[in-house]
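Dear colleague,

Please find below the structure that I am handing over to you. My findings follow directly after it.

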Amino acid sequence: MNSQSTSSTSRQPPPVGLFLSGREVIARLSALRLLVGHPGMLAILRRAGLTDSLAGLLVNNWEKTFPYAAYQKIIAAVREIYGERGYRALAYRAGKNSFAETFGGLPAVKTAKEQLAQMGDERLRLHLAMQTLAEAMEGTSIQRVEVSLRGLSASLRVDFCFECWDSPLTHEPICYGLVGSARGALAYLLGRDDYLVREVHCTAAGDDFCELEIKPPPEAMRGRGLGQTGFLTLPPDLRAGVDEDTQEQ
């Protein structure tokens, strides 16, 4: 994979039929509800205009039936209610906290978890963990994901990312949920939570694809305790509950 992004002045229009699995959306919304409470979740769905139609869109299986457009309405509603800084924290935590429920039941994830428990080479363990995440993402959405190794680090390239697709162009990466999902995958599959994950390319920022960079300790520990989740630094009032994700377990 060519890991260098070619910045584009205008993004390509989305292909017809952008969908992800209802089970993933259910897991994300369940994790979000735990963070904002039941009244907060109702407010989000009302603002998104989905209170009456959401039940009909959600099917609790792996079939790719939930439209990207509906998920973007939820993202927009969270931003409107909690602001950009609040959205960063909520999207990251929901992405991370929902990984096990979203993907833990997949046979490939179960098999990889068992294999990883027997592996000692950290470079190979990281590669297998990221390959497992990539396969899970592709199997439950129309996203296309590629993994490559760079020494002891890894990169995860995502085409048709549902976190940012069709969002207004920005000056920085915005796939906070994607970063959270990668951190959740590492914690679940490797049993450790000290990797640094940051987004280095994003279609919302004008790039041709989204890309995560995953680095192991000791590089990861440089951001410990600074409220960092990778590519973003949270303000002090939103660091509670996120700093613990960057602490050595």
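In this predicted model, residues 24 or more positions apart account for 70% of the contacts in the protein chain with a separation of 6 or more. Of the chain's 249 residues, 51% count as buried. Its accessible surface comes to about 11,200 Å², and carbon and sulfur atoms hold 51% of that area.

The secondary structure consists of seven helices and six strands. Along the sequence they are arranged in the pattern β-α-α-β-α-α-α-α-β-β-α-β-β.

I would draw your attention to helix H7, which covers residues 176-190. Helix H7 has 15 residues and reaches 21 Å from its first C-alpha to its last, close to the 21 Å expected at 1.5 Å a residue. Of these 15 residues, 13 are buried, so H7 is largely enclosed by the rest of the structure. Gly191, just after H7, takes a positive phi of about 70°.

Helix H7 also packs with helix H3, which spans residues 68-97. The axes of H3 and H7 come within 5 Å and cross at roughly 20°. As this angle is under 35 degrees, H3 is roughly parallel to H7. The crossing in which H3 passes H7 is right-handed. On the H3 side, the residues that meet H7 are Arg79, Glu84, Tyr87, Arg88, Ala91, Tyr92, Gly95 and Lys96. Their counterparts in H7 are Tyr176, Gly177, Val179, Gly180, Ser181, Arg183 and Gly184.

With kind regards

How values were computed: Residues are numbered from 1 along each chain as its sequence is written. This is a predicted model: local features need pLDDT of at least 70, side-chain atom pairs count only at pLDDT 80 or more; totals for chains, interfaces and linings use all residues. Side-chain values use heavy atoms; hydrogens and water are left out. Helices (H or I, at least four residues) and strands (E, at least two) are DSSP runs, numbered from the N terminus. The expected span of a helix is 1.5 Å times one less than its number of residues. Buried means under 20% relative accessible area, exposed over 50%, partly exposed in between (1.4 Å probe, protein chains only). Contact means heavy atoms within 4.5 Å. Accessible areas come from the Shrake-Rupley method with a 1.4 Å probe; for residues, only the protein chains shown count as cover. Axes are lines fitted to C-alpha atoms, for helices over the stretch in contact, and angles run from 0 to 180 degrees between N-to-C directions. Angles under 35 degrees count as roughly parallel, over 145 as roughly antiparallel, 65 to 115 as roughly perpendicular and the rest as oblique. A crossing is left-handed if the near helix is turned anticlockwise from the far one by less than a right angle, and right-handed if clockwise.
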